[in-house]
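Welcome, and please open the structure in your viewer. We will go from stop to stop, with something to select at each one.

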Amino acid sequence: MAGLAPTYGRGAMTNHWVDISNANLVLSMGGNSAEAHPVGFRWVMEAKEKNNAKLISIDPRYTRTGAVADYEVNIRTGTDIVFLGGLINFLLETDQIQHEYVRAYTDVSLIVKEEFGFHDGLFTGYNPDENTYDKSSWSYEFDDQGYVKRDDTLQHPRCVYQLMRQHYSRYTIDMVENVCGIPSQNVQEVWNMIAETAVPDKTMTILYALGWTQHSIGAQIIRTGAMVQLLLGNTGLPGGGVNALRGHSNIQGLTDLGLLSNLLPGYMRLPSAEEQDYQGYIKKRAKQPLLPGEVSYWKFYERFHVSLMKAWYGDAAQADNNWCYDWLPKLTEPLYDVIYTFERMHKGKLTGYFCQGFNPLASFPDKNKTSEALAKLKYLVVMDPLAVETAEFWKNYGELNDVDSSQIQTEVFRLPTTCFAEDDGSIVNSARWLQWHWKAAPPPGEARPDVSIMAGLLHRLQRMYREEGGAFPDPILNLTWQYSNPEDPGAEELAMEYNGRALTDIYDSNRNIRRRKGELLDDFGMLQADGSTSCGCWIYAGAWTEDGNQMARRDNADPFGIGMTLGWAWAWPMNRRILYNRAAARPDGTPWGPEKRLVWWNGHRWVGADIPDFPDASPPSAGVGPFIMNQEGVGHFFGGSMMMEGPFPEHYEPFESPIVGNPLHPNNPQAVNNPAARVFPDDRARFGTAKEFPYAATTYRLTEHFHFWTTHAKLNSIMQPQKFVEIGESLANELGIKEGNKVRVSSKRGYIEAVAVVTKRIKPLQITGQTVHQVGIPIHWGFKGVAKHGFLTNTLTPAVGDANTQTPEFKSFLVNVEKI
Amino acid sequence: MSHSNRERGILRYDWWSRVNHWLIAFSFVMLVLSGLAIFHPYFWSFTGLFGGPIPTRIIHPFIGVFMAFFFLIMAVRFFKVSLIKRYDIQWVKQIGDVLSNRDERLPPVGKNNAGQKMVYWLMVTSVPLLLISGIVIWQPYFAPAMPRLWLRVAAVVHAYAAFAAIITLIIHIYSAIWVKGSIRAMVQGRVSKAWAKHHHNLWYEEEMEKQRRVEDAAKREETAGQQRQQTP
Amino acid sequence: MTLQVTRRQFFKLGAAGMATSSMAMMGFAPDAAQASIRHFKLTGAKITRNICTYCSVGCGMLLYSRGDGSINSTDDIYHVEGDPDHPVSRGSLCPKGAGVLDFIKSESRLSHPEVREPGSSEWKRISWDDALDRIARHMKDDRDANFETHDENGNLVNRWLSTGFLAASATTNETAYLTHKIVRNLGILSFDNQARV
Amino acid sequence: MRGDQINLQNIIARSASMAPSPQERSGGVEKVAKLIDVSKCIGCKACQVACSEWNDLRDDVGECYGVYTNPMDLSPNTFQLMRFNEYEDEQGNLEWLIRKDNCMHCAEPGCLKACPAPGAIVQYANGIVDFNEEHCIGCGYCVAGCPFNIPRISKKDAKAYKCTLCSDRVYHGLEPACAKTCPTGAIMFGTKEDMLEQGAMRTDYLKDRGYKNAGIYDPAGVGGTHVIYVLQHADKPEIYNNLPSDPRISPLTEAWKGVTKPLMSAVIGLSALAGFFHYAIKGPKEEPEDDPDPEKADADRALDEKSPTQALQDADEEGRE
């Protein structure tokens, strides 16, 4: 999650599900945790019971989370930074921050470059023609040794503390009321509740999901939340943190394993086209500490990288060929994300496309554009257990998918695959637990596991390249393939491959043997940069060791009674359950409070209920910071150059906003929407205005359904059979819509029809003196499956993404609603 | 058949009245048996007479409708003779004499005595109640559409009306057994003149009067015929 | 013939009827008052431990299947419930997980490879070998035609931009790892997963 | 199936049966209860799905009626249903009250009382009221008898269905499917004693949080229930989608099935007996021709031979006498 890594060092959920029960306050914002993750939400209810914790739900709608919340607030979609920025301002101005934590574990004292500035909604270095920033001024002042200058008194005008204070001084409570639409009295009450957790032994946990990510400023919203948790001293502690509640069962695993355009496994990055030099590539990524004595764990980047290359290319990867550095594809664009790819596909620049258990026609913004783009392919391969919409984009389903098959020349292959019940393997939950599962039954008919399909394709390509030659076959022909059954590699062998093993005997610094040749590695501490280890995903080292499959462990003992169950499955990194847990102890190594004991210094080493996320022999006196992935060892309020929009989160309106201008910068047209967002001209032409499309719409999931899968499952289809949209009572009255009426919801990009759910749970908001109605549109239902067929919601959504991740802005756009 | 009794005595019930009565009687007995079967576990085994519990539940309302139809016909046809007359009140006052078989002390009555009329009127009241309440609780056709309060009221009405009807039935059957000659009247249709004179004197005289007129007419006809024969 | 029922006969009929019904009343209606609960459907089932395929809470699941693994039987999952040992879910499942049986057994599960030829409006069943041969041929033709070894600035880039790949979000790590290993080494950059939508 | 037949020892009441249940050796069975804590319920319908999955029920895929509740009503294939109500109090505060509607398993079940089919409805010693479709005759009396409007008659087989409280699972030592699956712990299962204790704890908790009228719903009118609710507003159960505030077996049902049932049966039997004894004591009204007095009988026989004219003349004479 792109907002967390620039703040804390890693992009993952900081704590874990059961740990939510250790919270004193739960903030559910940017997500509807009760509906999207009901079982995880159990631990919120436990916190309420066990700690008398309160639950605050902040959402555009009164949701099922709201139904059991102690405080329920409705916010205009896409304005979370204003609310959280106002909170930062409130905490700083009333001095309700966790002082000891903030001073010791954050960057408040670091001094920023003089050139850095922020004027009328834009940071220094903006290039309006390219919609990009020159980020050279977004950095620290360094001393002679290359370390960052600091002022521990926090008085320096350019120390992070003062800059932050100044930046958020504009986020007053009136501004919050005006922009978010929450009455200031309610805002104040929520802020007061949150501020109570600034004391050392009380924690708030933040639960968020796509309600924060799916905005053009999504990553910055998340970062604002993360900053709040630093100010309150809630990160690293049990019952604290910023918890990204991931959507799919193994989306964490796929991200860990780098199945994104710019990544390699373990959050290593593919080189850009300019990085022709291997040493330069490593040097840039092997980040050295910026403060004396800090860990800055990425400094070992080369070990991880070389071990990956050895896992992929075996003996072909050698020091003298830079471990096959040249074989890796190089990036020109920062991301080859899906919006970019479908834009190119729409322009006819793609020949083929593979969808492995993924339904882009339903999942991507602007369905009509997606459909047109797919029609320009020569071939499309869909591997899926289910008959999904994408595989039939060429088939006419009346109004639901109005296409002319005869005009579509795409050759479409639909390959049946196994589902989870029919294979062995591990998946990673949101809390980074790798959990192994076992096959229970054979798949239907001729369905095959994805692994066997991928192997089948690879072998055919290898044969053709061997026989016919062709474009750059080296990496294809040299891929390691030491599997017992080359046609269908076993999950166990693959797990051992990504765990890593010694390729020669490995010795420690005292020449004691640590691992013999061929043995599996215990953890990433054993990785070597000299080619003597292989490891397919360095953060997973330790998942399958010589002691066996750690992911299959089933000891649920919880000796400390705070839910750490270290013997259940295996969590990356190193089986640590709460990230940055060094911060759960005071600088002197003692817990912040008896209720918040997690890891502590016992005089010799770090011990406790969790595995320390820290060098376990580094004494408190050494003053090493708890955020070991960050170069400074501390948490970042100042994001440096890591974010596209600037070092401090700033509010910009959604690209389709129901109001005119950005109330924070009414006079700067460049600062209305995210200035660093990438918008393709064709897509910009398909944005609507509030004049034509007056209502703010947001999309979401219902608890009865999972994306477009469960509309194929009868039980779930019975529970929610048909597509609907939620309309507030007052808007429904205005439009003469009654509960159960059919309505047409349209945006600039198309229309859908659905049943109206008229509800008291959506109330009109007062935004800068104008009434704004919000409309809720669940994403589920399509033209396949056993539920009532319906229109795809993404017919309506705009193709614009977050500037950092290109996550589409599904949560805020404009629609019109008519009764039909 | 030489020993035919067709012409003996007086015709009390014509063939349709008899058929109608017995259709109702048989249906009613079946209704009682099937109804009691699902009324109280004492009678559960009656379900065996109908092929099991579910057939019992299914068949009961159909018989009910069947019976109600024929009952309607009979009720119309028997309406006139069931109107209450002055002597009926006297008869009821002397119920002790009725029960003690002191028939000679009773006032002469018409075709039906007060007891029979009470049976008529009780049935005329309870059968429609049974029909309506039965329809309300009739599964699976009507009951699912009925509010639960209606179901409850109907169930109570059905039970009470059925109770009244069954008691009436028992009195009715017993009376038939008790008053010799009644069964023959309803099975064969005719009663002896003595029986008629004894139990329903007014009706007997009416009948005799009717027959006399018929005979007189026949005689006149005969005489006229003879005269024609004699006159060439 | 006329049916002549004397009163004696009438009595006899009634008595016979009474006798029959009293006999039944005295207990010749067997089973009537017995009750039996439903057959316990898990008896003898094989239990397989699994993790829910839907969201990222990662609840523990017990899959109950018929068939004991003997060579002449096939396993068939017929019930799913929560794994009470699992520290997060402790036996609970949400509405999606609780209904996952109908996902596994969905009528829209695919069972054989199919192709839709250009311009056609229907599917055609093909064999796995045909499907994989044809797809691999498409891939090779495209890759050979459009592979970029160098960008416009002359940098070595070794990439294949004219085919893209979307990876699943519920497959195993092992599948994902192998998929990454193959896709990246074909030179594909338009590679994404469901993390963002 | 025989092996699964629950020991009759553990049945404490059965519909339409005169046979007493065994009373001895029944001490080992504790009363159970399901506690539904509405204040912890998020209305996710996991219970609804798990119920259908366990009980092999698949209702029709219906349509959206403009509300979250779906299907719209209980049915033979929907044993339980989450009913949603957007409730605004006098101050205009919105609460989304979501109630799981299912059989309450009354200690004094109206359905059992109304049922005429022996053994079609039984109450186990643990308190579960179970329908045994094998014995159900489909009369629908249970529908009329239930104070909570729960049983539904199938259109396919004309039999009554409702929540069994997973009697099959409970018999095997498991909790009901809904209780097991409930993600938030809003549904709990245990002995009734424990559940009342848990409910009391939750009530105190809710009172601490400002719900002055929080309480347990265990209505005395039906002798208490084996499904009990914790309500935030126990003083107004009707705001939870018409949960009856004082449910009891309808007086009409009592009038129909209570003491009147044996009483009527007895009266019917007695009236038949009365006839018999009347006959025995008073004897029949003989046919006039069979008069024990031979003279009268002869006269009556003679009467039959007379012509109507003669008969009328005789009558006139009698009248003159």
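**Stop 1: a helix in chain B**

Start by selecting residues 114-136 of chain B, which form helix H5. Keep in mind as you look around that this is a predicted model. How far apart are the end C-alpha atoms of helix H5 of chain B? They are 33 Å apart, and this agrees with the expected span, because 23 residues at 1.5 Å a residue should also come to 33 Å.

Now colour the buried residues of H5(B): B:Ala114, B:Gln116, B:Lys117, B:Tyr120, B:Met123, B:Ser126, B:Val127, B:Leu130, B:Leu131, B:Ser133, B:Gly134 and B:Val136. What do these buried residues pack against? Add helix H2 (53-77), helix H3 (86-93) and helix H6 (148-178) of chain B to your view, and you have their packing partners.

**Stop 2: where chain D meets chain B**

Next, show chain D beside chain B. Here 51 residues of chain D are in contact with 48 residues of chain B. On the chain D side, the elements that give two or more residues are helix H3 (141-145), helix H7 (251-257), helix H8 (260-282), helix H9 (294-305) and helix H10 (308-320). Which of them gives the most? Select H8(D), which supplies 12 residues to the side that touches chain B. If you colour this side of chain D by residue class, you will find 28 nonpolar, 13 polar and 10 charged residues.

**Stop 3: an enclosed helix in chain D**

Stay with chain D and select helix H1, residues 46-54. Is this helix largely enclosed or left open? Nine of its nine residues are buried, so helix H1 of chain D is largely enclosed by the rest of the structure. Walking along H1(D), you pass the buried residues D:Ala46, D:Cys47, D:Gln48, D:Val49, D:Ala50, D:Cys51, D:Ser52, D:Glu53 and D:Trp54. Just after the helix, pause at D:Asp56, which takes a positive phi of about 55 degrees.

**Stop 4: chain C on its own**

Hide the other chains for a moment and look at chain C. Its secondary structure comes to five helices and nine strands. Following chain C from the N terminus, you meet them in the order α-β-β-β-α-α-β-β-α-β-β-β-α-β. Of the 197 residues of chain C, 51% count as buried. Among its contacts between residues at least 6 apart in sequence, 34% join residues at least 24 apart.

Try two colours here: one for domain 1 (46-104) and another for domain 2 (114-196) of chain C. The C-alpha centres of these two domains of chain C lie 32 Å apart.

**Stop 5: where chain C meets chain A**

Bring chain A back. Which two chains share the most contacts among the five pairs that touch? They are chains A and C, with 103 residues of chain C in contact with 139 residues of chain A. To see the element of chain C that gives the most to this side, select helix H4 (residues 128-146), which supplies 13 residues. By class, the side of chain C that touches chain A has 43 nonpolar, 37 polar and 23 charged residues.

Then zoom in on strand S14 (residues 411-416) of chain A and strand S4 (residues 114-116) of chain C, which pair in the antiparallel sense over three bridges. Within this pairing, A:Arg414 stands opposite C:Glu114.

Chain A and chain B, on the other hand, are joined by no contact, and their closest C-alpha atoms lie 22 Å apart.

**Stop 6: the domains of chain A**

Colour chain A by its domain assignment: domain 1 (5-109 + 166-247), domain 2 (338-465) and domain 3 (669-819). The centres of domain 2 and domain 3 of chain A, taken over C-alpha atoms, are separated by 25 Å. Where these two meet, 21 residues of domain 2 are in contact with 22 residues of domain 3. Helix H15 (338-346), helix H16 (360-363) and helix H17 (367-374) of chain A each supply at least two residues of the domain 2 side. That side has 11 nonpolar, four polar and six charged residues.

**Last stop: A:Gly3**

Finish at A:Gly3, in the segment before helix H1 (5-8) of chain A. Is A:Gly3 buried or exposed? A:Gly3 counts as buried because there are 31 C-beta neighbours inside 10 Å, and 20 or more are needed for that label. Beyond its neighbours within four places in sequence, A:Gly3 is in contact with A:Ala219, A:Gln220, A:Ile221, A:Ile222, A:Arg223 and A:Ala226. Now select A:Met643 too: A:Gly3 and A:Met643 are 640 residues apart along the chain, yet 8.2 Å separates their C-alpha atoms.

Technical notes: Residues numbered from 1 in each chain as written. Chains lettered and ligands numbered in written order. Predicted model: local features only at pLDDT ≥ 70, side-chain atom pairs only at ≥ 80, totals over all residues. Domains from an automatic or database assignment. Contact = placed C-beta atoms within 7 Å. Helix = DSSP H or I, 4+ residues; strand = E, 2+ residues; numbered from the N terminus. Nonpolar A, V, L, I, M, F, W, Y, C, P; charged D, E, K, R; others polar. Buried ≥ 20, exposed ≤ 12 C-beta atoms within 10 Å, placed from the backbone. Pairing = 2+ DSSP bridges. Expected span 1.5 Å × (residues − 1).
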